[in-house]
There are 2 protein chains.
Amino acid sequence: MAVQAAQAASGTTVDSPAGGPGTVLGPAAALSCRECGERTPLGPVFACEACFGPLEIAYEFPGGGTSGPAGLRERIEAGPDNIWRYAPLLPVPADVAAKPNINPGFTKLVQADRLARELGVTGSLHIKDDSGNPTHSFKDRVVAIAVEAARAFGFTTLSCSSTGNLAGAVGAAAARAGLRSCVFIPHDLEQGKVVMAAVYGGELVGIEGNYDDVNRFCSELIGDPAGEGWGFVNVNLRPYYAEGSKTLAYEICEQLGWRLPDQLVVPIASGSQLTKIDKGLKELIALGLVEDKPYKIFGAQAEGCSPVSRAFKDGHDVVRPVRPETIAKSLAIGNPADGPYVLDIARRTGGAVEDVDDPRIVEAIKLLARTEGIFAETAGGVTVGVTKKLIEEGRLDPALTTVVLNTGDGLKTLDAVAPTTGMSAVIRPNLDSFREAGLAS
Amino acid sequence: MAVQAAQAASGTTVDSPAGGPGTVLGPAAALSCRECGERTPLGPVFACEACFGPLEIAYEFPGGGTSGPAGLRERIEAGPDNIWRYAPLLPVPADVAAKPNINPGFTKLVQADRLARELGVTGSLHIKDDSGNPTHSFKDRVVAIAVEAARAFGFTTLSCSSTGNLAGAVGAAAARAGLRSCVFIPHDLEQGKVVMAAVYGGELVGIEGNYDDVNRFCSELIGDPAGEGWGFVNVNLRPYYAEGSKTLAYEICEQLGWRLPDQLVVPIASGSQLTKIDKGLKELIALGLVEDKPYKIFGAQAEGCSPVSRAFKDGHDVVRPVRPETIAKSLAIGNPADGPYVLDIARRTGGAVEDVDDPRIVEAIKLLARTEGIFAETAGGVTVGVTKKLIEEGRLDPALTTVVLNTGDGLKTLDAVAPTTGMSAVIRPNLDSFREAGLAS
């Protein structure tokens, strides 16, 4: 129903504006159902017409050889310092880098030797630090892809429901692309978050209700003429949007010198990011851009919202929804859509899903800041905290190459560390007072 | 006095640890007085022993040819995606990129076509967006250089006085480098800023007094055994620290395809950044890395702290101190040390120094966010606001290539825009309520 309504509302698939999907969205060939495999033409749809399963992009990459399509690695390396260097592997037009877009990605992969020493890691430990993105979270990656899909489908308004990072990413990306934006948030959001989302000049609409009410309203709007021409990045553009997370996998491997890491620790909100990182790694192997070898993916949740971790520990294939209660608000999705896929990947690769409680999240944020000078969002505290726990329990091999994701910026979640972070001392402006404080050389 | 004390306190110049400055701090050959030209060996000193004038780095760059030292441009282009690609032109060891440092720089130069249209610019307009640095301000550039100087001089504690951006930059850089840090701030700083500075785990000391009291105390500490082994990035390491701003000039030219811009708009706090950008541009010309042609540098101040703009308009060579009263707190230096040099550069290059009032700063922040998706700190509002004013008054040529600096991140100065930035509407979660709000497609 919703699918057909969206299709009808947009009145177009990608084939119509420019003779064939290949020219419009690069190597994206079709949408394919993750459950039944049914293929659908590219368009602003997100659920399979046959079985209502989630749709994802199916690609036709330029053919092969053992080291990938001729010269692909060199073409990537000669590309721009952002995600568009991977345009040949993404659902975007070949000339994407020439269009106004927020150009996220190619963020730092920090070799974290001081953190490694504290954690007892003898191999090499790296932080993939996505706080370096334009609006300081990984959401810029997924939104940038959604912008190109919105253009391909002729949408003129970019929209989403959000309680934080996504609102800013959509506002900024729409502004730069010259699209109208209209973002829906719960009406009682903190003023700081409202300002961050509203400053880009798009419409910001408060909904009287909680986040679930906001989401329900957005689904209604997609099927209504009132929302005609609107691209909801995480609803009717979701199959495109989600692919943005593949770029994390590409960058990590390229930055390691075109090698797969042995172990990755990835945060879980909906679980989409983790599944797309796995997809990205598999593509690099299939294209011969990296050597085929085993890797383990570990998922990280906050204890206060750990339905996937719970299911993993209980040996279940399904995820039982929970009511979130944690400081890691950017991960607080109680009913994660991609939970079952995450469980499958963690088990298949020999990884795990684990969680940490709020005090340990705060401790991990400070540990990362103190050792590497990186101030992470609470989601980064979750991945670092889980990494520490997995090492302590002997479940993550400290002798291997490990990459831990930090997907956001501590400036956005100051409240999490504020109660336990402050001045060492307050002194009078003279040397005696300074000496008394015990801080002298 | 202070100079000798610092010299004595550190007990070393750069020659001692490793036979010759060239090996320790790259092409830095000596310190040279900007007033009398007297040369001093490299060391943690900042004022001329002969005339008390400010010291700066004198270089001996590897010799020449018309296109710069053989292969320099290629070496730079093959270097890392941060300021260390310019190591051959900075006071840092040749192997600097291999040491743990926060690795700032190579931030985006954004082609701002939508902003250009709004401002009536027919040439090309670019924003150099330093909010992309690790702690989201240009301070990471200068602190990164100071870290290398601190290492060369055997300092084990990194310090500074600060009211904002600098505290975070020092805390993060020291953490990553494995140095102790001790940062001094006024005791009544807002909690958010305290948290941002303290999270990196260094000492953060509140001083009972205002920023002037903090500064005075730091000067006292430099001459005292209590501060032995301490590098104050903006005092006894200032000559090294300040050179970090040259990298803005290098990056802008490289990102323009090794061409000089015609016009630059640069914010003025102490004025140091503007003078170092001029120095960097002149070096690129002298080395033959860019073609020699005229460029104009415009300085930008907030009306509430505009001593240099005032002196420029009055035709004075000296700057009369003022008491700052503006929302642009990162530029609120009432007695800017490099004011006279700024006046000289603005006049010599055919530029100007101009100011804008607080409401226009806020308006400019929003203009930049709305057109380019860049959320700037108040300092970025000052440069964009001054650019607008200069164009309206016909003093900045809209047909030329112009680069405007944004030196910080709007997330750090949310208060500036909060009063005038909010939700478009609050509605009930249904379509009727949405239609009533007049936001439907």
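Which residue of β8(B) does V426(A) stand opposite? The partner is G206(B), and this pairing takes us straight to the place where the two chains meet. Please keep in mind that this is a predicted model. In it, strand β14 (residues 425–427) of chain A is joined to strand β8 (residues 203–207) of chain B by 3 bridges, and the two strands run parallel.

**How chains A and B meet**

- On the chain B side, 74 residues are in contact with chain A, and 74 residues of chain A take part in turn.
- About 6,200 Å² of area is buried between chain B and chain A, with carbon and sulfur atoms giving 63% of that area.
- Between chain B and chain A there are 24 residue pairs in polar contact, both residues being at pLDDT 80 or more.
- Helix α7 (residues 191–198) of chain B gives the most to the side of chain B that touches chain A, contributing 6 residues.
- Sorted by class, the side of chain B that touches chain A holds 38 nonpolar, 18 polar and 18 charged residues.

**A sheet that starts in chain A and ends in chain B**

- This open sheet has 5 strands with parallel pairing, in the order β9(A)-β6(A)-β7(A)-β8(A)-β14(B).
- Its edge strands are β9 (230–232) of chain A and β14 (425–427) of chain B, each of which pairs on one side only.
- From one strand to the next, the twist averages 25 degrees.
- Within chain A, strand β7 (residues 180–186) runs parallel to strand β8 (residues 203–207), and 5 bridges join them.
- If you would like a pair of residues to look for there, I185(A) stands opposite G206(A) in β8(A).
- Helix α8 (residues 211–222) of chain A lies across β6 (157–161), β7, β8 and β9 of chain A together with β14 of chain B.
- The direction of helix α8 of chain A is at about 145 degrees to β7(A).

**A sheet that starts in chain A and continues in chain B**

- Here the order is β14(A)-β8(B)-β7(B)-β6(B)-β9(B), again an open sheet of 5 strands with parallel pairing.
- The edges are β14 of chain A and β9 (230–232) of chain B, and each pairs on one side only.
- Neighbouring strands of this sheet are turned against each other by 25 degrees on average, with direction ignored.
- Inside chain B, strands β6 (residues 157–161) and β7 (residues 180–186) pair in the parallel sense over 5 bridges.
- To find that pairing on your screen, look at L158(B), whose bridge partner in β7(B) is S181(B).
- As general background, strands of a sheet pair through backbone hydrogen bonds, either parallel or antiparallel.

**Salt bridges**

- Over all chains the count comes to 64 salt bridges.
- Between chain B and chain A the count is 4.
- A salt bridge links D224(A) with R435(B), and the closest N and O atoms are 2.9 Å apart.
- Within chain A, K388(A) forms a salt bridge with E392(A), where the closest N and O atoms are 3.1 Å apart.
- Both K388(A) and E392(A) lie in helix α15 (residues 378–392) of chain A, 4 residues apart, which is about one turn of the helix.

Key:
Residues numbered from 1 in each chain as written. Chains lettered and ligands numbered in written order. Predicted model: local features only at pLDDT ≥ 70, side-chain atom pairs only at ≥ 80, totals over all residues. Heavy atoms only, no water. Contact = heavy atoms within 4.5 Å. Buried area = accessible area lost by both parts, 1.4 Å probe. Salt bridge = Lys/Arg side-chain N within 4 Å of Asp/Glu carboxyl O. Polar contact = N/O pair within 3.5 Å; in protein donor to acceptor, adjacent residues only side chain to side chain. Nonpolar A, V, L, I, M, F, W, Y, C, P; charged D, E, K, R; others polar. Pairing = 2+ DSSP bridges. Axes fitted to C-alpha atoms, helices over the stretch in contact; angles between N-to-C directions.
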